[in-house]
Amino acid sequence: KNFKRPAESITQSAGFVYGVPRLGIPHLWEADAGVGVASQGGPDVRGATALPSGIATAATWDLKTAYAGGAMIGSESRAFGFNVQLAGGVNIMREPRNGRNFEYGGEDPLLAGKIVGAQIAGIQSNNIVSTLKHYAFNNQETNRFSLDAKIDDASARMSDLLALQIAKEEGNPGSVMCSYNRVNGFYACESDYLLNQVLKKDWGFKGWVMSDWGATHSTVPAANNGLDQQSGIPFDHSEYFGAALKEAVQNGWVSEARLDDMARRVLHPMFEFGLVDNPVSPNVKSINFKANGLISQKDAEESIVLLKNDANLLPMAKFYKKIAVIGSHADVGVLSGGGSSQVYPVGGVAGYRGGPAVFPGPMLYYPSSPMKAIQARALESKVTYNDGTDPKAAAALAAESDIVLVFVNQWTAESMDVPNLSLPDNQDDLVSAVAKANSKTVVVMQTGGPVLMPWLSSVGAVLEAWYPGSNGGEAIARVLFGEVNPSGHLPATFPASESQLPRPVLDGYPEVKDARITVNYHEGAAVGYKWFDLKGHKPLFPFGYGLSYSDFALGDLKAEVKNGLVNASFSVKNTGAVAGKEVAQVYVAPVTAKWESPKRLGGFQKVDLKPGASTTASVTVDPRLLGMYDSASKTWKIAEGDYKVTLASHAMDAKATSVTVHLSAATVDMQGKLVK
Ligand code: BGC
């Protein structure tokens, strides 16, 4: 649109809003996104540190790791001169084909809300603001600008909105970004229900609502229904909040009080989080990229999920003479997700670029080569690379190798969903051919979310490495060789087929531009494992699943009700031969009361144990997770009765143990406090 960026803005960044220098109010310099300081495409990209994808960080189940990653990217954001980081993506995974699942925290409101909340708090510890986004129900990219998501209030409050609410409570974000789509007939950025009622009134949000880029559609409805700031004006049809807003105030369509409220809402977090007292001033030289890379690497190492490990094929022995590394450009680097969140690597991209030349491309590989990291650990071995494009040639290499590491990937990106859950580009055939040639086949996956694995029974081991970030190659090699014991657990169900999903076919796919489709979230709050439980579907891998090179015993489960709150205590023992981490998961389930599905995740604890060591841990269940939301009273109602408290290592754990507690009828307020 021939729009010229303001001279004061930072080149190839997401946004800029004028401050009021006369009053000492700084400008807002805005950068994407959740995994690091992104650059919009163009000649002058910033090299920054990329964390693993958001779903990877959720797979750590570790709030400290999430906070540390947030603090790190926030510090880079600040050093680049940004005081608003457009991070905090927490749209729960209703749709495993959503192209942006890699940016989010998985399918469970508690896990996603806690992890993303910790990241937001970490970012904001740098005297900058983070957003929380995309508010709300932007759960697929197909027709994201026009689709209407249909869901009832109670289901919404117990699923998507609960994840956002928990992230808001944990992270206290200065700003919330409303999403592109419509919700129950209204654009999210002009939805009185979402903005005024739920966010500002019920959750007590004091900061400002900014629109997503191109998500403002009006002046008067948007202003009166709760939008405080129009973002990315060139993406909208008009400058709705410029002269048009002034006129609307002069005409009385928007009150002066509301205009003051908008300004106050922007200013409040600017003071609260130190943007005014500790203004940003760019100092890129102060960034310690090496140290930051190690923070990203730690996140990746905590996030990699060991899905299968027959006959202890992993960790890899160092005596293999011939190691084959196949596919996914593993010779040059590791994949990243695409779109506005794209972080460009420090020192330039790895030797390969693919995908679309422009947004949401290019398809980037970070120059952290798994193959080089493998070779560095197997100095006596001959490591040979095959690009995997010809399954026959790859199989021939596999046949003459002692062990095969086949890398598969799935590039996902903003603005497009994947057509199905199969790996693209014939990679299933590649894995099958390789596994047929050599049973010692290890599959290393870099995907945006769940994928199908038709070859699963024929391979020896599988690692899900997500998009592992700046130091991903190193993290993968360390897990392969056992320098790091894998401890990631799935933050989302991996379905056995698309037919198990609430929507076997993705609504609106393939996309007809601007089609005003309706997506009916008929599954209500039964998202992910809750849906699978309800329907009795057996997934490929359940929510919460993840193996280790060690073994753990969960036991001594006790649950008590204290002041109406359920507290579960238990022990975790490392019964294996190596140090490792287990994620103990506590699920809650009513015996008689009816919920949207049989059980919910009520709490979790990741524990680090030396071989033979044991520890005790406990979790207190947020009482909102024990009730059903009641729209009329805006409270959660806990029904009197028995409730099963289960200690498990994943959502379908046959070794899980349970105890029962009795709860009296109770009411829980919006903030999760028992009121009677
Ligand atoms: C995305 C947002 C992003 C914004 C600014 C939009 O396309 O949906 O997540 O923050 O662009 O780049």
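Start by selecting His329, in the loop between β12 and β13 (334–335). You're looking at a predicted model here, so treat every value on this tour as computed from it. Check the backbone of His329: phi is near 55°, a positive value in a residue other than glycine. Is His329 buried, exposed or partly exposed? With 23% relative accessibility, His329 counts as partly exposed, because the buried class is for values under 20% and the exposed class for values over 50%.

Next, select Ala311. This residue sits in the loop between β11 (305–309) and β12 (322–326). Ala311 isn't a glycine, yet its phi is positive, about 50°. Now switch on the surface around Ala311: relative accessibility is 80%, so Ala311 counts as exposed.

Time for some peptide bonds. Pick Asp32 and Ala33 together and look at the link between them: the peptide bond is cis, with omega about 0°. Ala33 belongs to the loop between β2 (28–32) and β3 (47–48).

Then jump to Lys133 and His134. Another cis peptide bond joins this pair, and here omega is about -10°. Where does His134 sit? Colour by secondary structure and you'll find His134 in strand β5 (residues 129–135).

Now for a pair of helices. Select residues 391–399, which make up helix α12, and residues 427–437, which make up helix α13. Two packed helices are described by the angle between their axes and the distance between the axes. For α12 and α13, the axes come within 8 Å and cross at roughly 30°. That makes α12 roughly parallel to α13, since angles under 35 degrees count that way. Turn the view until one helix lies in front of the other: α12 passes α13 in a right-handed crossing.

Last stop: Asp653. You'll find Asp653 in the loop between β29 (641–648) and β30 (657–663). Asp653 is buried, but has no salt bridge. Which side chain of opposite charge is nearest to Asp653? That's Lys655, and the distance is 6.0 Å. Why no salt bridge, then? A salt bridge needs the nitrogen and the carboxyl oxygen within 4 Å of each other, so Lys655 at 6.0 Å doesn't make one with Asp653.

Before you leave, add Ser649 to the selection. The backbone nitrogen of Ser649 lies 2.8 Å from a polar atom in the side chain of Asp653. Draw a distance line between those two atoms to see this contact for yourself.

Notes
Residues are numbered from 1 along each chain as its sequence is written. This is a predicted model: local features need pLDDT of at least 70, side-chain atom pairs count only at pLDDT 80 or more; totals for chains, interfaces and linings use all residues. Side-chain values use heavy atoms; hydrogens and water are left out. Helices (H or I, at least four residues) and strands (E, at least two) are DSSP runs, numbered from the N terminus. Buried means under 20% relative accessible area, exposed over 50%, partly exposed in between (1.4 Å probe, protein chains only). Lys and Arg count as positive and Asp and Glu as negative; His and the chain ends are not counted. A polar contact is a pair of N or O atoms within 3.5 Å; within protein, one must be able to donate a hydrogen and the other to accept it, and residues adjacent in sequence count only if both atoms are side-chain atoms. Axes are lines fitted to C-alpha atoms, for helices over the stretch in contact, and angles run from 0 to 180 degrees between N-to-C directions. Angles under 35 degrees count as roughly parallel, over 145 as roughly antiparallel, 65 to 115 as roughly perpendicular and the rest as oblique. A crossing is left-handed if the near helix is turned anticlockwise from the far one by less than a right angle, and right-handed if clockwise.
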